[in-house]
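Here are my notes for a first look at this model. Please keep the structure open beside them as you read.

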Amino acid sequence: MTSRHRSSDTAPSFAPRRRTVVKAAAATAVLAGPLAAALPARAATETPAFLHGVASGDPLPDGILLWTRVTPTAEAIPGSGLGPDTQVSWTVATDKTFTTIVAKGSTTATAASDHTVKADIRGLQPATDYFFRFSAGGTDSPVARTRTAPATDAGVAGLRFGVVSCANWEAGYFSPYRHLAARGDLDAWLHLGDYIYEYKSGEYAARGKVVRPHAPANEILTLADYRTRHGRYKTDPDLQALHHKAPVVAIWDDHEFADNAWSGGAGNHTEGAEGAWTARQTAAKQAYFEWMPVRPAIEGTTYRRLRFGKLADLSLLDLRSFRSQQASTGSGTVDDADRTLTGRVQLDWLKAGLKASDTTWRLVGNSVMISPFAIGELSADLFKPLAKLLGLPQEGIALNTDQWDGYTDDRRELLAHLRNNAIRNTVFLTGDIHMAWANDVPIDAGTYPLSASAGTEFVVTSVTSDNLDDIVKVPEGTVSAVAAPIIRAANRHVHWVDTDRHGYGVLDITADRAQMDYYVLSDRTDPNATSSWARSYRTRSGTQKVERTYDPV
C-alpha cells in the first residue's frame with residue numbers, strides 16, 4: 001500500500017529484447033561507478049563474486065528452491081545486460097561443513113537472466129535442516145541454512161514463521177530482518193508484499209528524508225531498472241542474513257510493480273509518458289522471478305499453495321495481476337459484481353482449496369486487508385493524513401478501495417463460502433497498510449458482534465515505510481493514542497490497531513491456537529535499532545475469534 005498519488009508477486013524468465021539490452025549497456029557507464037563503489041572491493045584477477053548473498057524459498061516436504069546471483073566481472077552489475085556466461089554449481093548437505101552431501105549440480109548463469117540462478121532441489125527429507133552454497137570460478141558463496149516442510153501426512157507439534165511486509169529502502173534500515181535472523185527458530189518467513197519500492201529517489205522516504213539512497217535514482221520503469229532495484233535491495237546485510245537463515249515464502253503487492261497496481265495500470269503509472277503498462281508489468285514480473293526464490297504456480301502469478309503436514313496449509317494470493325481498477329478512480333462502485341480483486345479463476349481456486357483442506361489451520365497469505373474498515377469520527381487533522389496513507393478520497397469517504405473493501409462482491413462470496421461450508425480456523429495474514437492489526441473477519445460488519453466471524457486476521461506493520469505518525473510528523477505513539485480508540489469504536493471486530501510503529505511479526509501455530517507476536521523497532525533510521533515485544537494476539541482452534549494473550553511464545 002501507500003503513498004505517492006495515493007499510496008499501496010510468478011513467471012519464468014524471458015529473454016530480454018535487444019533494445020532493452022542496448023539501453024542497459026548504454027546505462028552501464030553511468031551506473032557502474034556509483035554501484036561498484038557501494039559493493040565490496042574486487043580482486044584485480046576478476047574472479048566471480050556472490051555479492052547479493054544466497055536464498056531459499058517455497059519449502060516442500062522433499063524439496064527447496066535455491067537462489068543466488070553471481071557477478072562474473074566488475075561491469076556485470078544488475079541490470080547491465082553485460083558479463084560472460086558463467087558456470088555456477090550448488091551443493092546441499094546436512095551439515096555446515098559439507099561432509100554429508102545430499103545434492104549437487106550446476107547450471108550456466110547468463111546475462112539473459114541477469115546472472116541469477118535457481119535450483120529446484122528434490123529428493124530431500126521432510127522437516128529437515130539443510131545447508132547449501134554456490135560456487136563459481138573457484139569462489140564459494142556464503143553458506144546458508146534452509147528447511148524442508150513436514151511430510152504431507154505428518155503430525156506436527158508446532159510451526160513458527162517470521163512475518164514482514166513493506167520494506168522501503170530509502171526510509172530506513174532493515175533491522176526487522178536482522179532480528180528475525182538472530183532468532184534461529186523459524187521454519188520459514190513470510191513476505192506479504194512490497195519487498196521493493198518503485199519510486200524515484202526522494203519521492204517516498206522517511207518523513208520526507210532519504211535515509212539511504214536507492215538505485216537507480218529514477219522511478220523504475222524498464223527491465224534494467226527493476227533488476228537494478230532488486231540488486232540494490234539484495235546488498236542489504238540484514239536482508240541477506242535472514243535469507244541465509246531460513247526459507248522465504250513471498251507474494252507480491254503493488255510496489256513490486258507500481259503504486260496501486262491493477263491488471264490494466266497503476267496509480268503510479270502514466271501511460272505513454274512512462275511507456276506501456278503491459279511492458280512495465282512484464283518487466284517487473286520478469287525481474288521478480290529472476291531475483292526471488294519463488295516457484296511460480298502458473299505463468300505470471302504468485303498464487304500457489306504450500307502444506308506443512310497436518311497442522312497447516314498456506315494459500316498464497318496474487319491480488320494485483322487480475323484485479324479490476326480501484327473504484328476510487330471512477331471505474332465503478334465497490335459493490336459492482338462485475339469488478340474483482342482476485343479474478344474468477346483464483347477465487348475459485350482459493351474456495352476449492354479451503355473447502356478441501358484437511359489441516360487444522362488454513363492460512364491465507366493476503367497482501368491487502370480483508371477485514372472491513374470504517375474510519376469513524378476522526379478529527380480533520382487526523383482524517384486527512386489517514387486518508388492519504390490509506391489512499392482514501394480525502395473528502396471523507398470512509399473506505400479503502402485498494403483493499404477488499406473496494407471489492408465487496410469477492411469478499412461476500414469468500415466469507416459466505418467459509419460460513420456455508422463450516423470451514424473453520426481460517427487465518428488471513430496481511431501486510432500493506434503500514435499498521436499492526438488483530439481482527440475478527442465478520443460476515444456482516446454492520447451487525448457485528450451479533451453476526452458470526454468467518455475467520456481471523458493478523459496484519460503486520462511496515463518494516464520501514466511511513467506509517468501514520470510519520471505522515472503527521474509527530475512523536476511515535478501520539479497518533480495511535482488518539483486514533484486507535486476511535487477506529488476500534490467504529491469497527492467492533494478490530495481488537496487492536498497500532499498506527500504508528502515499525503516492526504515485524506512472529507506467527508506460532510499449534511493444534512490449539514495460532515498466535516501472532518508483534519515486535520517493534522526502536523528507530524528505523526538506526527542501522528543498529530533494537531526490537532522489543534509489543535503485543536500478542538491469538539485465535540484458539542474452533543473459535544474464529546481473536547483474543548489477547550499476555551506473553552510472546
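**Notes on the predicted model**

1. Start with His-191. Its relative accessibility is 0%, so His-191 counts as buried, the cut-off being under 20%. Bear in mind that this is a predicted model. His-191 sits in strand β10, which covers residues 188-191.

2. What does the side chain of His-191 meet in a polar contact? The partner is the side chain of Tyr-177, at 3.2 Å. Beyond its neighbours within four places in sequence, His-191 also touches other residues, including Val-164, Ser-165 and Cys-166. Further along the chain, Val-248, Val-249, Ala-250 and Ile-251 are in contact with His-191 too.

3. Now the whole chain. It has ten helices and 22 strands. Of its 553 residues, 60% are buried. The accessible surface is about 18,900 Å². Carbon and sulfur atoms account for 53% of that surface.

4. Tyr-177 deserves a second look. It belongs to the largest nonpolar core, which has 41 residues. Phe-174, Tyr-177 and Trp-189 have the most contacts inside this core. At least two core residues come from each of α2 (175-183), α3, α4 (237-243), β11 (248-250), α5 (277-291) and β19 (503-509). The largest share is from α5, with six residues. As a general point, nonpolar side chains tend to be buried together in soluble globular proteins.

5. Which residues touch Tyr-177, leaving aside those within four places in sequence? They are Val-164, Ala-167, Trp-189, His-191, Asp-238, Leu-239, Leu-242 and Val-463. Another core, of 33 residues, lies apart from the largest one. Among its members are Leu-60, Leu-159, Ile-251 and Ala-514.

6. Look next at α2. Its buried residues are Ser-175, Pro-176, Tyr-177, His-179, Leu-180 and Ala-181. The cover over them includes β9 (159-164), β10, α4, β19, β20 and β21. After α2 comes Gly-184, with a positive phi near 70°.

7. Why is α3 described as largely enclosed by the rest of the structure? The helix spans residues 223-233, and eleven of its eleven residues are buried, so the description follows. The buried residues include charged or polar names as well: Asp-225, Arg-227, Thr-228, Arg-229, His-230 and Arg-232 are among them.

8. One neighbour of α3 is α5. The two axes come within 8 Å and cross at roughly 35°. The crossing is right-handed. On the α3 side, Leu-223, Tyr-226, Arg-227, His-230 and Gly-231 make the contact. On the α5 side, the contact residues include Arg-280, Ala-283, Ala-284, Ala-287 and Trp-291.

9. Finish with a loop residue. Thr-525 lies between β20 (513-521) and β21 (531-540). Is it buried or exposed? Thr-525 is partly exposed, because its relative accessible area is 36%. Its side chain joins that of Asp-523 in a polar contact of 2.7 Å.

10. Thr-525 also links distant parts of the sequence. Thr-525 and Tyr-173 are 352 residues apart in sequence, yet their C-alpha atoms are 6.0 Å apart. Not counting residues up to four places away, Thr-525 touches Ala-171, Tyr-173 and Val-211.

Terms used:
Residues are numbered from 1 along each chain as its sequence is written. This is a predicted model: local features need pLDDT of at least 70, side-chain atom pairs count only at pLDDT 80 or more; totals for chains, interfaces and linings use all residues. Side-chain values use heavy atoms; hydrogens and water are left out. Helices (H or I, at least four residues) and strands (E, at least two) are DSSP runs, numbered from the N terminus. Buried means under 20% relative accessible area, exposed over 50%, partly exposed in between (1.4 Å probe, protein chains only). Accessible areas come from the Shrake-Rupley method with a 1.4 Å probe; for residues, only the protein chains shown count as cover. A polar contact is a pair of N or O atoms within 3.5 Å; within protein, one must be able to donate a hydrogen and the other to accept it, and residues adjacent in sequence count only if both atoms are side-chain atoms. Contact means heavy atoms within 4.5 Å. A nonpolar core is a set of buried Ala, Val, Leu, Ile, Met, Phe, Trp, Tyr and Cys residues joined through side-chain atoms within 4.5 Å. Axes are lines fitted to C-alpha atoms, for helices over the stretch in contact, and angles run from 0 to 180 degrees between N-to-C directions. A crossing is left-handed if the near helix is turned anticlockwise from the far one by less than a right angle, and right-handed if clockwise.
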